[in-house]
Amino acid sequence: MTATHGRPSPWRTAAGRIAAGTALLAAVSLLPWLSGTDPALTVLRARSADQDPTAAQLAAVREQLGLDEGPLAHLVHWLGGLPRGDAGTSWVSGEAVQPQVTAAFAVSVTLMLGALAVTVAVAALLSARTLYLGSRRRLRRRRSGTGAAVLAALPKFLLASLLATVCGVWLGWFPSSGWEGPASMVLPSLALGVPSGAMIGGLLEQALPAAFNEPWARTWYAYGHAPGRIARHALRRAMSGVLPQLLPTVVALVGGAVAVEKIFNIPGLGRLALDAALAQDLPPLQTATLVLVLLGVVAGILIQALRRALLGPALRDGALPALHPPALAPRRATRWIAAFCALALLGLIGAGLLRDPLQVDTAARLLAPSAAHPLGTDSLGRDLLARLGHGALRTAGLALAVTAVSVLVGLLLGIAARVSAGLTEVASTLPAVLAGLLTTAVTGPSVWGVALAVCLVGWTPYAAQTAALLEQERASGHMIASLSFGAGPGYLLRHHYLPAVLPAVLRNALLRLPTTVLVLASLGFLGLGEQPPTPEWGRLLSENQPYVELAPWTVLAPAGALVLLSVLAVSATASGPGRARRSY
């Protein structure tokens with residue numbers, strides 16, 4: 001009996017990719033007409049910054065661009081030029097789109113490769129201790145994951161600003177701006193790769209104990225095999241469940257690195273797509289979206305092939321051993337870390353709620369922390385402690401709600417892999433900013449519109465992880481035994497599928513929680529969601545990012561709160577009693 005049950009056919013997957021990609025391109029093509037703003041007005045302002053154009057000027061732009069023909073005619077015309085290598089001309093600059101996108105894509109891919117190298121290095125460092133102890137049968141306590149949580153919670157744009165200021169301006173080690181050679185990619189690669197590596201490393205660190213608990217690992221150790229050989233095979237086994245997380249990581253490093261590209265003045269694809277979306281410059285936006293879709297599909301195919309190569313024929317033949325995490329006791333320090341983070345957050349929130357978050361005092365702008373203002377003030381003289389405390393419930397509540405919906409949708413679509421075949425790869429290519437523009441064009445600027453936009457793209461990591469783990473679970477011996485004894489779908493879901501998937505998916509969600517906060521804030525900063533002067537942690541980071549060098553405390557306070565929240569979430573789950581899954 002083979003384990004092909006539940007795996008989508010290649011034809012179904014290809015059809016899903018084509019359908020999802022077509023739907024995404026069609027939605028992008030509708031953006032100028034859905035936005036509620038005259039596309040001619042937006043384009044004219046992007047061209048000349050004319051805030052009050054005449055009716056004659058607007059009519060001339062409409063006639064020049066053929067806006068009265070509607071979105072379908074523009075989409076068909078653009079698609080018809082692609083086979084000839086013609087992606088149209090920019091509505092704003094009048095230049096050919098294909099050279100612009102090609103140059104931006106080359107820059108983004110180069111930056112992605114550098115960031116991937118940093119990602120792999122950070123993930124290796126975080127999981128090295130578990131690999132060392134596990135290969136020598138010395139794993140006694142569960143890792144808390146605090147280090148991974150701290151690094152994963154670091155805002156990429158804040159890390160980029162700090163690296164540019166310290167290593168670029170103060171020390172002069174590397175260029176702080178521009179794209180002129182290999183040295184220019186060092187700092188942005190670190191800013192992008194460290195949080196991503198922490199994410200991958202945290203998931204890998206969680207998966208390794210189960211790999212070392214497999215019967216072959218115990219047998220090899222008893223027969224005296226070298227620890228290095230045991231570690232390599234355990235890493236190969238654990239990586240198969242973590243590899244699908246590289247797909248959203250790769251796409252995010254290309255299309256979602258807008259803030260880092262702007263800080264370092266890098267002419268990348270994400271920056272090009274965002275500028276085109278804001279200016280409603282349709283041809284470069286369509287072309288950039290198509291490139292991201294193709295990149296996501298190619299990366300998905302390569303990652304899937306690599307994952308199946310790591311698992312070997314056992315995946316096809318249904319001979320994979322089940323991954324049963326050992327019942328490791330939590331570290332004593334984990335409970336103390338969780339308690340400290342909880343008390344620190346409660347103290348900050350309680351003290352902040354007693355202050356006025358909206359009081360403006362221009363005479364007290366950018367004051368350093370003092371007795372009157374324990375966390376300092378922002379650029380308008382508002383008390384940062386007050387804004388931090390009043391924004392806590394809104395920040396944590398909305399981020400948790402978005403994460404919960406994303407996890408639920410990801411679980412459902414990951415379980416129904418035949419239905420969602422190809423959809424996950426294409427949806428993961430959609431930048432959150434573009435999803436926000438499309439969503440708010442229909443719903444109007446609102447908090448819930450932004451939350452919906454993040455949910456539209458936030459489910460993809462969990463769906464990819466769920467589908468990969470379920471494929472491995474279906475190929476395990478005990479699963480096939482249950483099927484042969486007539487186990488029904490409900491029994492399989494309760495006793496096999498959910499226990500195999502939920503722990504890893506929940507850990508993934510907790511590591512991504514600070515990222516969700518920052519994505520929500522970035523959309524609000526563009527005027528799509530929560531508007532000033534509403535206090536919100538991500539908005540505090542976005543508003544004060546220009547003052548990192550002059551007044552670093554303005555961003556350290558909200559960044560520290562995000563780190564405390566992330567560490568608290570991860571530590572709280574790690575401090576629970578360790579339980580191994582039952583074998584059937």
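**Note on the predicted model**

1. Helix 19 (residues 392-415) packs against helix 23 (residues 460-474), with the two axes 7 Å apart and at an angle of about 40°. Helix 19 is therefore oblique to helix 23, since an angle under 35 degrees would have counted as roughly parallel and one of 65 to 115 as roughly perpendicular. The crossing of these two helices, 19 and 23, is right-handed. As with everything below, this comes from a predicted model.

2. Val-166, Val-169, Trp-170, Leu-171 and Trp-173 together make a nonpolar patch on the surface, of about 550 Å². One of these residues, Trp-170, belongs to helix 8, which covers residues 156-170. Trp-170 counts as exposed because its relative accessibility is 56%, and the cut-off for that class is over 50%.

3. Arg-137 has a positive phi, near 55°, although it is not a glycine. Arg-137 sits in the loop that runs between helix 6 (97-135) and strand 1 (141-142). Its relative accessibility is 27%, so Arg-137 counts as partly exposed.

4. Leu-366 is another residue other than glycine with a positive phi, again near 55°. The loop that holds Leu-366 lies between helix 17 (332-353) and helix 18 (384-390). Is Leu-366 buried or exposed? Leu-366 counts as buried, because its relative accessibility is 16% and the limit for buried is under 20%.

Key: Residues are numbered from 1 along each chain as its sequence is written. This is a predicted model: local features need pLDDT of at least 70, side-chain atom pairs count only at pLDDT 80 or more; totals for chains, interfaces and linings use all residues. Side-chain values use heavy atoms; hydrogens and water are left out. Patches are made of residues with over 30% relative accessible area and no salt bridge: like charges are joined within 9 Å, nonpolar side chains (Val, Leu, Ile, Met, Phe, Trp, Tyr) within 5 Å. Accessible areas come from the Shrake-Rupley method with a 1.4 Å probe; for residues, only the protein chains shown count as cover. A salt bridge is a side-chain nitrogen of Lys or Arg within 4 Å of a carboxyl oxygen of Asp or Glu. Helices (H or I, at least four residues) and strands (E, at least two) are DSSP runs, numbered from the N terminus. Buried means under 20% relative accessible area, exposed over 50%, partly exposed in between (1.4 Å probe, protein chains only). Axes are lines fitted to C-alpha atoms, for helices over the stretch in contact, and angles run from 0 to 180 degrees between N-to-C directions. Angles under 35 degrees count as roughly parallel, over 145 as roughly antiparallel, 65 to 115 as roughly perpendicular and the rest as oblique. A crossing is left-handed if the near helix is turned anticlockwise from the far one by less than a right angle, and right-handed if clockwise.
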